[in-house]
Amino acid sequence: MMQSAGSSAHRKRTKSTMENKQCPSPAVERDWAALPRDILFSIFLKLGPRETMLGAEFACTAWRRVAVEEPSLWRSIGFHSIDEVIQRWVNAHTETAMAFVALERSSGQCEAFRGYLDDEELADLVQRGPSLKTLDISQFTNNEGTDKLMEALMKLPLLEDLQIYFRHALKGRADEMLRSIGHACPNLKRLVLIYARAMELECDEDECSNNLIDGEIR
Amino acid sequence: MAAPESGDGNNGAARMVTLISSDNTRFEVEAAAASLSQTLQLTILDGGGGGGDGIPLPNVDSATLSKVLEYCIKHAPAAANGGAPNATAVDRAELERFDNEFVNIDQSVLYSLIMAAHNLEIEGLQSLVAKKVADMIKGKSPMEIRRTLGFPDPTPEEQAEMNAHMLEYGWAYE
């Protein structure tokens, strides 16, 4: 028999009498736990790291394996939406712990990272994510000046997009820091530095906060 | 090898190909639509599927193939425009509306569709169904995911492995 699936997309097609001839057992046919790896991979990619870690990877061993064995699932960490955070709140400490497990799974393939960091965590991050192109430190606990920051940035030669929110007032001059960042990251295309509100901040805040600079910085 | 009824869809009647489902139902469809499948594309370019021959698809049943072709027919014009860079917002909104409606289906149908999209390598459809499954399990606990998708009960070994994993990363149970 011939069914036409021709020009009309919405035409109701006549049911074939042969359609139900061989109907394999649904229980065997439709085992979601046993989905092929690349299908699961595409589902986890849509889920994103955080959702995968909070649910899917604990659903069964087959799913877990895909989560821990596919480094390219973990190329972009921390870029979930605020809705996702509200839906499933975990404390900031756990959030950071999860981010670092995700980073470990990326096996050096991580290209984008967003999260809260201090000097030590930043050093750890650049060690495990040498291919980072995007780094957004939503809260940087800069207790000890910016030397460690510069040291870390030197280890991210591919960095193109950098955003840092400094929790503490910066000592030293902003223009010098900009110059240092420019030297540390020759491929930088976008830089946003957000300064903590601080009375002793010497520089003009309008000039520095939300400082968006396009193009090469020298 | 020339196609029996050739024509690239630009002039005259569009070239048709025949696809044969696992349960032996024949579907006649425009070559341009069937070519959204990477798996079929080469065969069709080689002139296959025309005339009385038909391309057998032993892994796809007729109900699923009919659904897959519905997607392909709808998306073929936009795909022909090279991803429709000059499509109007109205066209895009219409496709989006179609896609949303398209995956609003029974879970067993969705499963067959996922497997077929995968077998036939239809990129847009693969992405669409993956997104749908992701949306279905988003925000759910592991147990809720198991229930939603009707996982078989874990074997004792599996359970032990999962328990160890949960101990290691206990945040799912905060």
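# Exercises on a predicted two-chain model

Across the interface of chain A and chain B, 11 residue pairs are in polar contact, both members at pLDDT 80 or more, where a polar contact is a pair of N or O atoms within 3.5 Å, one able to donate a hydrogen and the other to accept it within protein, and residues adjacent in sequence count only if both atoms are side-chain atoms. The model is predicted, with local features needing pLDDT of at least 70 and side-chain atom pairs counting only at pLDDT 80 or more, while totals for chains, interfaces and linings use all residues. Residues are numbered from 1 along each chain as its sequence is written, chains are lettered from A and ligands numbered from 1 in the order in which they are written, and side-chain values use heavy atoms, with hydrogens and water left out.

## Exercise 1

Describe the side of chain A that touches chain B, and state how much area the two chains bury.

Step 1. Begin with contacts, that is, heavy atoms within 4.5 Å: 49 residues of chain A meet 50 residues of chain B.

Step 2. Turn to buried area, the accessible area (1.4 Å probe) that two parts lose on being put together, summed over both; for chain A and chain B this comes to about 4,600 Å², with carbon and sulfur atoms giving 64%. On the chain A side, the residues that lose the most area to chain B are A:Trp32, A:Lys46 and A:Phe58, which together make up 18% of what that side buries.

Step 3. Count the salt bridges, each defined as a side-chain nitrogen of Lys or Arg within 4 Å of a carboxyl oxygen of Asp or Glu: there are two between chain A and chain B. A salt bridge joins the side chains of A:Arg65 and B:Glu161, at 2.8 Å from N to O.

Step 4. Assign the contacting side to elements, taking helices (H or I, at least four residues) and strands (E, at least two) as DSSP runs numbered from the N terminus. Those of chain A that give two or more residues include α3 (49–54) and α4 (61–69), while α2(A) gives the most, with six residues.

## Exercise 2

Find where the confidence of the predictor is low in each chain, using pLDDT, its confidence in each residue from 0 to 100.

Step 1. Chain A has a mean pLDDT of 80, and 76% of its residues reach 70 or more. Among its elements, the lowest mean, 45, belongs to strand β1 (residues 2–4), and the highest, 97, to strand β2 (residues 76–77).

Step 2. The pLDDT is below 50 over residues 1–28 of chain A, a stretch that nevertheless has 43 contacts in the model beyond near neighbours in sequence; it is also below 50 over residues 200–218 of chain A, where the corresponding count is 37 contacts.

Step 3. Chain B averages 86, with 86% of the residues scoring at least 70, and its residues 1–11 fall below 50. For the model as a whole, the scores are ipTM 0.86 and pTM 0.81.

## Exercise 3

Characterise the interface between domain 1 and domain 2 of chain B, including its salt bridges and polar contacts.

Step 1. The bounds, which come from an automatic or database domain assignment, are 16–81 + 88–138 for domain 1 and 139–174 for domain 2 of chain B. The centres of these domains, taken over C-alpha atoms, are 33 Å apart, and the contact takes four residues from domain 1 and five residues from domain 2 of chain B.

Step 2. The two domains bury about 470 Å² between them, 55% of it from carbon and sulfur atoms. Of the area that domain 1 of chain B buries against domain 2 of chain B, 76% is supplied by B:Gln107, B:Met136 and B:Ile137, more than any other three residues.

Step 3. Zero salt bridges cross this interface, whereas five residue pairs are in polar contact there, both at pLDDT 80 or more.
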